[in-house]
Amino acid sequence: MLVPGSEFEEPGEELQLGMDSMALYPAFVDELREASGAAIDFAMVGTLEIGGDEADLDRLRQRADKQRAFGVPSTVLSAGELGARFAGFSQALGGAIFYPEEGQVDPRTVTAALRQAFRALPVTLLENQAITAVRIAGDGVEAVCANGDRIAAWRAILAAGAWATQIELPFSLPRAYPIKGHLLGYRGPAPGSLPHVLRYHETYIVQRQSGYTIAGTSVEDVGFDRGIDAGTVADIEGRAHGLVGGLLPATSTDQWVGFRPAAESPLPLVGRHEDSPLYLAYGHFRNGILWAPLTAERLAGALTSANS
Ligand SMILES: Cc1cc2nc3c(=O)[nH]c(=O)nc-3n(C[C@H](O)[C@H](O)[C@H](O)COP(=O)(O)OP(=O)(O)OC[C@H]3O[C@@H](n4cnc5c(N)ncnc54)[C@H](O)[C@@H]3O)c2cc1C
């Protein structure tokens with residue numbers, strides 16, 4: 001999901017980063033499509049943040065009012081207007097806030113396109129190669145690989161998500177850690193059968209352009225546990241089906257988990273670390289897909305200015 005308006009409770013720097021990155025998304029995707037020739041599943045479909053009843057909708061309306069003053073466009077939809085936008089709800093709802101300038105991107109298609117685009121550049125891509133340490137070496141850095149290889153570089157970017165500070169580093173940095181989340185995928189819905197991203201309390205539903213539909217999620221502080229919990233799956237299935245039973249079959253086709261990369265820092269860590277050759281790009285927590293274009297732009301700017 002690319003959902004700055006419906007993601008951040010209070011207007012502030014995180015929301016601003018989200019809005020700035022969202023604004024970069026269409027051009028980022030165009031550039032990547034052109035450079036790679038690959039298809040990227042990206043659509044600015046807007047988000048419906050649903051209020052269960054009048055009081056719930058009122059809470060969301062107050063938040064949207066504050067956000068509007070911050071430049072986040074939204075409109076309030078009554079229960080009838082919500083039903084007119086999507087007829088597949090399986091329960092009575094109070095209405096929704098519609099955020100038109102939000103959307104969805106399939107990050108797997110972005111990663112595949114990036115890999116493809118690198119092929120046309122003088123870039124060596126080492127995949128499945130764990131780095132165990134990064135050390136300062138002269139004016140540059142040396143990365144030590146798990147297989148013992150050493151890579152000398154002018155600069156290094158630490159972008160290892162929740163694992164970032166498990167790497168032996170030359171500096172003490174804010175600790176990175178994982179917050180696990182389950183996601184479910186449903187094959188079956190027709191393409192375009194869900195016109196917007198849906199958010200309802202802790203449940204969200206997002207549809208890829210193929211019709212493949214994803215429901216989330218859980219928020220679990222349990223370390224790097226990759227286990228798929230049947231109870232959590234059943235809970236998300238129940239919430240998703242309770243919301244859009246007209247769209248989804250009762251049980252999911254696929255289940256997986258991911259680790260949101262949290263860090264002991266109020267904001268993601270992006271940019272040069274002091275005046276060292278080490279650059280940071282971690283701590284993106286729940287919004288690293290949204291914040292990707294802005295992160296890339298900031299790092300490119302920092303690296304370019306270091307080079308001039
Ligand atoms: C359930 C769930 C739902 C989410 N939904 C959204 C959403 O809707 N919108 C959104 O914007 N964000 C969402 N996120 C968050 C988003 O996925 C992350 O913020 C984003 O993936 C962070 O990107 P990253 O590249 O920093 O870290 P990661 O995607 O975790 O990538 C880190 C990479 O570093 C590699 N690595 C780790 N250790 C080493 C090492 N020692 N050497 C070399 N490589 C290493 C890993 O293998 C991995 O490939 C969600 C996350 C979860 C778990």
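Which of the 24 residues around the ligand come nearest? In this predicted model, they are Met1, Ile131, Phe285, Gly288 and Leu290. By class, the shell around the ligand comprises 14 nonpolar residues, eight polar residues and two charged residues.

Polar contacts to the protein backbone were found at several positions. A polar backbone atom of Phe285 lies 2.8 Å from an oxygen atom of the ligand. For Arg286, a polar backbone atom is 2.9 Å from a nitrogen atom of the ligand. Ile289 places a backbone N or O atom 2.9 Å from a ligand oxygen atom. On its own the ligand has 990 Å² of accessible area, and the protein covers 70% of this. Two elements, β10 (176–186) and β14 (254–263), each give two or more residues to the shell around the ligand. Of these, β14 supplies four residues, the largest share of the shell.

The location of the ligand can also be described in terms of domains. Domain 2 spans 130–174 + 270–307, and domain 3 spans 176–263. Because both domains give residues to the shell around the ligand, the ligand lies between them.

Two sheets are described here. Strands of a sheet pair through backbone hydrogen bonds, in either the parallel or the antiparallel sense. One open sheet consists of eight strands in the order β3-β4-β2-β11-β12-β13-β10-β14, and its pairing is mixed. Its edge strands are β3 (75–78) and β14, each of which pairs on one side only. From one strand to the next, the twist of this sheet averages 25 degrees. The strand that gives the largest share of the ligand shell, β14, is thus described both as a sheet edge and as a part of the ligand surroundings.

Within the eight-stranded sheet, β10 and strand β13 (residues 213–216) run antiparallel and are joined by four bridges. Gly185 has Ile214 in β13 as its bridge partner. The peptide bond from Gly216 to Thr217 is cis, with omega near 0 degrees. Thr217 itself belongs to the loop between β13 and α6 (230–244).

The other sheet is open and has three strands, in the order β6-β7-β8, with antiparallel pairing. Here β6 (131–137) and β8 (150–153) are the edge strands, and each pairs on one side only. The twist averages 20 degrees from one strand to the next. Ile131, one of the residues that come nearest to the ligand, falls within the bounds of β6 (131–137).

Strand β7 (residues 140–145) pairs with β8 over four bridges in the antiparallel sense. Opposite Arg150 in β8 stands Val144, and opposite Ala152 in β8 stands Glu142. The two strands β7 and β8 form a hairpin, with four residues between them. In the turn of this hairpin, Gly148 has a positive phi of about 95 degrees.

Most residues other than glycine have a negative phi, and most peptide bonds are trans. Against this background, Glu274 has a positive phi, near 50 degrees, in a residue other than glycine. Glu274 is found in the loop between β15 (269–272) and β16 (278–282).

Note on methods. Residues are numbered from 1 along each chain as its sequence is written. This is a predicted model: local features need pLDDT of at least 70, side-chain atom pairs count only at pLDDT 80 or more; totals for chains, interfaces and linings use all residues. Side-chain values use heavy atoms; hydrogens and water are left out. A residue is near a molecule or strand if one of its heavy atoms lies within 4 Å of it. A polar contact is a pair of N or O atoms within 3.5 Å; within protein, one must be able to donate a hydrogen and the other to accept it, and residues adjacent in sequence count only if both atoms are side-chain atoms. Accessible areas come from the Shrake-Rupley method with a 1.4 Å probe; for residues, only the protein chains shown count as cover. Ala, Val, Leu, Ile, Met, Phe, Trp, Tyr, Cys and Pro count as nonpolar, Asp, Glu, Lys and Arg as charged, and the others, Gly among them, as polar. Domain bounds come from an automatic or database domain assignment. Two strands pair if DSSP finds at least two bridges between them. Axes are lines fitted to C-alpha atoms, for helices over the stretch in contact, and angles run from 0 to 180 degrees between N-to-C directions.
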